[in-house]
2 protein chains.
Amino acid sequence: MRMQDIARRLGISAMTVSRALKSDASVAPATRAAVLKAIEELGYVPNQIAGSLSSSRSGFAAILVPSLNNPHFSETVLALGNALDDRNMQLLIGNTEYDRRKEAELVRAFLARKPEAIILTSDGHDPRILPMLAKAKIPVIEIWDLPTRPIQHVVGFSNELAMRGLIGALIGEGYSRITYLGEADDADTRGASRRLGYCEAMAAAGLAPRLCSIGRPPATMSDGERGLETVLAAYPDTELVACVSDPLAFGVIAACQRRGWAVPGRMAVSGFGDFEIARIAVPAITTVQIDAAGIGREAGAIIGEAFKARRDAPPAAIIRPVPALPCLRASTARVR
Amino acid sequence: MRMQDIARRLGISAMTVSRALKSDASVAPATRAAVLKAIEELGYVPNQIAGSLSSSRSGFAAILVPSLNNPHFSETVLALGNALDDRNMQLLIGNTEYDRRKEAELVRAFLARKPEAIILTSDGHDPRILPMLAKAKIPVIEIWDLPTRPIQHVVGFSNELAMRGLIGALIGEGYSRITYLGEADDADTRGASRRLGYCEAMAAAGLAPRLCSIGRPPATMSDGERGLETVLAAYPDTELVACVSDPLAFGVIAACQRRGWAVPGRMAVSGFGDFEIARIAVPAITTVQIDAAGIGREAGAIIGEAFKARRDAPPAAIIRPVPALPCLRASTARVR
DNA sequence: ATTGCGTATGTTATCGATAACATCGTAGGC
DNA sequence: GCCTACGATGTTATCGATAACATACGCAAT
């Protein structure tokens, strides 16, 4: 069924049907009502593929995330989706699985569908995607980081500084034998930035870094359970395990509790991200607070601004930093 | 840049370029190589919107989930996405937020993009979507449940029987003062089926149901923290809280631990779904094991079968039950 | 009465790839 | 040496909505 069929039925032209479906176009109220009624009765659903080809507006934005079943990004995706709902746009979600090659494939596949904006959550990019993105002439937003060489817009924070701040605060609490537990093969990922921040904070306090790694990104709760062994094998005198993320920290705490070790007391543990589990777990987990939903909302706002700018003036890159502050909780409380 | 531009540059026709991009079409190897080289050099990305309009194959499937930041569905979505990767299809994800109206809007919006299959994870449907789905003439797969009146294909299990089995097993362990903690406003949701299963198991043992609810779906860890109060206010002698999901159970356990109550011992708690947190938490949480990723993979397989069937024979509805078995863990262990 | 303008609608061309059909050349069978 | 068949490529029409332009009508201002 096409618009033509609706039109013929009402003795009008397809163009009038098309206009009746756009809320701003000028159509007589009676005509519009008749069109909407006929559409409802016939169960007609417009073919947006044809519409997109004609109008060269696809009506969706694309987002690439490194991992979906991870509270970090699902909250951001959710908030961005809601923000786009208001503009009547859909969100196409791609999962890069922390793999640059997969990221590049997805960028190509998504660009073929002519998204009106693209959001990248991936860490370091395959260089081949840059010319593709440039040619697409759409807003590009990198989130969840502050890249040294941004492609265009950015909504994020420095993972390095955030972790440095957290470790600095923990050193201030009196901890010194702090061991970092991150992911293996984390080159060019946010995990690597956090590790760097840890090293800087340790160096600033005159302490030698103590680094361990477990599993490939993303770090899971199960990795944390196994990770405690790794940490203790390498640094038996560890008094605090600083983890690259909250789920990992939760796993480490669980492993401690299975051994009958008090957290805090026998061992302290910190995470990163401040997701629900960090607040609910017993003990509550010391972490870095990130407004994951806020990042999604801001990205949505930037898409709006970029569309307006394109009409008014040459678009300028927007760099929007979001706060990332240490949040000390029970899991690292000092115990007399 | 269009195919025409690539073609002109090589002195061939656009059709040959199009064929060179499909792996099965007959093109001379030398020609194909030249085309691919030119495409690479020019950074050309085919316009799939035009391709879809012409070939009437959109190259994606749509999935509606009630909630994204919920391990239940993100694992399924992930697995389905991977299954579709193999068929070179993309996955369009929609979030209904447990809202029928939103589900209906999304179905309409998605159908406008002509998906080649649609997967529904939502519970009860808005009746208006049925004619729309029928007209679309694409495979429809309902997952995560066994509807009494399936639209077409199904990959799922009976939430009612699964919860009945779990509660039955717990009664077998010697529990009797079991209070159910679910969501408010759960009419026509999986939560309601689980609640029903609980009631049946209690009735079968000659026990009166003890029902509590907290928050709207989806139940969160935070709901669990608050939920313990609700349970104790209504049924102070509760010895086991049977929760509608694992995150809720985790929150209840955390609340118990904050009070200094031993779990198990002072209170036992069960969940549903068997997600990572249920295995890692201390104590590990008694739950119903569901292979969430397996559901996604099966759905992908059904899409494949449906496409083949459409060519060969009239398509038949496939009902594929998946196991949902009780898994007793430490959180409900009997303590002398 | 005439001009002019705005509102409601129709007509035509177009977006870019691909299905379907047409053509051309050549290798192989007899 | 002729015919067939198939492999490689070109040509044309088409998918369905919409942008851009064209038209018709009515009402207000002069």
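This briefing covers a predicted model of protein chains A and B with DNA strands C and D. Local features need pLDDT of at least 70 and side-chain atom pairs count only at pLDDT 80 or more, while totals for chains, interfaces and linings use all residues. Residues are numbered from 1 along each chain as its sequence is written, chains are lettered from A in the order in which they are written, and side-chain values use heavy atoms, with hydrogens and water left out.

**Chain A**

- Chain A has 13 helices and 12 strands, taken as DSSP runs (helices H or I, at least four residues; strands E, at least two) and numbered from the N terminus.
- Along the principal axes, the C-alpha atoms of chain A fill a box of roughly 85 × 40 × 30 Å.
- Of its 336 residues, 52% count as buried (under 20% relative accessible area, 1.4 Å probe, protein chains only).
- Among contacts in chain A with a separation of 6 or more, 68% join residues 24 or more positions apart (contact: heavy atoms within 4.5 Å).

**Contact between the chains**

- Chain A gives 56 residues to the contact and chain B gives 55.
- The two chains bury about 4,700 Å² between them, 60% of it on carbon and sulfur atoms; buried area is the accessible area (1.4 Å probe) that two parts lose on being put together, summed over both.
- I49(B), R113(B) and I280(B) supply 15% of the area that chain B buries against chain A, more than any other three residues.

**Nonpolar cores**

- The largest nonpolar core has 149 residues; such a core is a set of buried Ala, Val, Leu, Ile, Met, Phe, Trp, Tyr and Cys residues joined through side-chain atoms within 4.5 Å.
- The residues with the most contacts inside this core are I167, I178 and F250 of chain A and I167, I178 and F250 of chain B.
- Beyond four places in sequence, I167(B) touches I178(B), Y198(B), A201(B), M202(B) and A242(B).
- Another core, of 36 residues, lies apart from the largest one and includes A104(A), V140(A), L111(B) and L133(B).

**S331(B)**

- S331(B) lies in the segment after strand 12 (324-327) of chain B and is buried, with a relative accessible area of 0%.
- Its side chain reaches the backbone oxygen of V269(B) at 2.5 Å.
- Leaving aside neighbours within four places in sequence, the contacts of S331(B) include I253(B), M267(B), P283(B) and T286(B).

**DNA strand C**

- Of the 26 residues around strand C (a heavy atom within 4 Å), T16(A), M3(B), S18(B), Y44(B) and S54(B) come nearest.
- Phosphate oxygens of strand C lie 2.6 Å from a side-chain N or O atom of T16(A), 2.6 Å from a backbone N or O atom of M3(B) and 2.5 Å from a polar side-chain atom of S18(B).
- Helix 2 (14-21) and helix 4 (48-55) of both chain A and chain B each supply at least two residues of the surface near strand C, and helix 4 of chain B gives the most, with five.

**DNA strand D**

- Strand D is surrounded by 26 residues, the closest being M3(A), S18(A), Y44(A), S54(A) and T16(B).
- A polar side-chain atom of S18(A) lies 2.5 Å from a phosphate oxygen of strand D, and one of S54(A) lies 2.6 Å from a sugar or linking oxygen.
- A backbone N or O atom of A28(B) lies 2.8 Å from a phosphate oxygen of strand D.
- Helix 4 of chain A gives the most to the surface near strand D, with five residues.

Key: Polar contact = N/O pair within 3.5 Å; in protein donor to acceptor, adjacent residues only side chain to side chain. Buried < 20%, exposed > 50% of the residue type's maximum accessible area, 1.4 Å probe, protein only.
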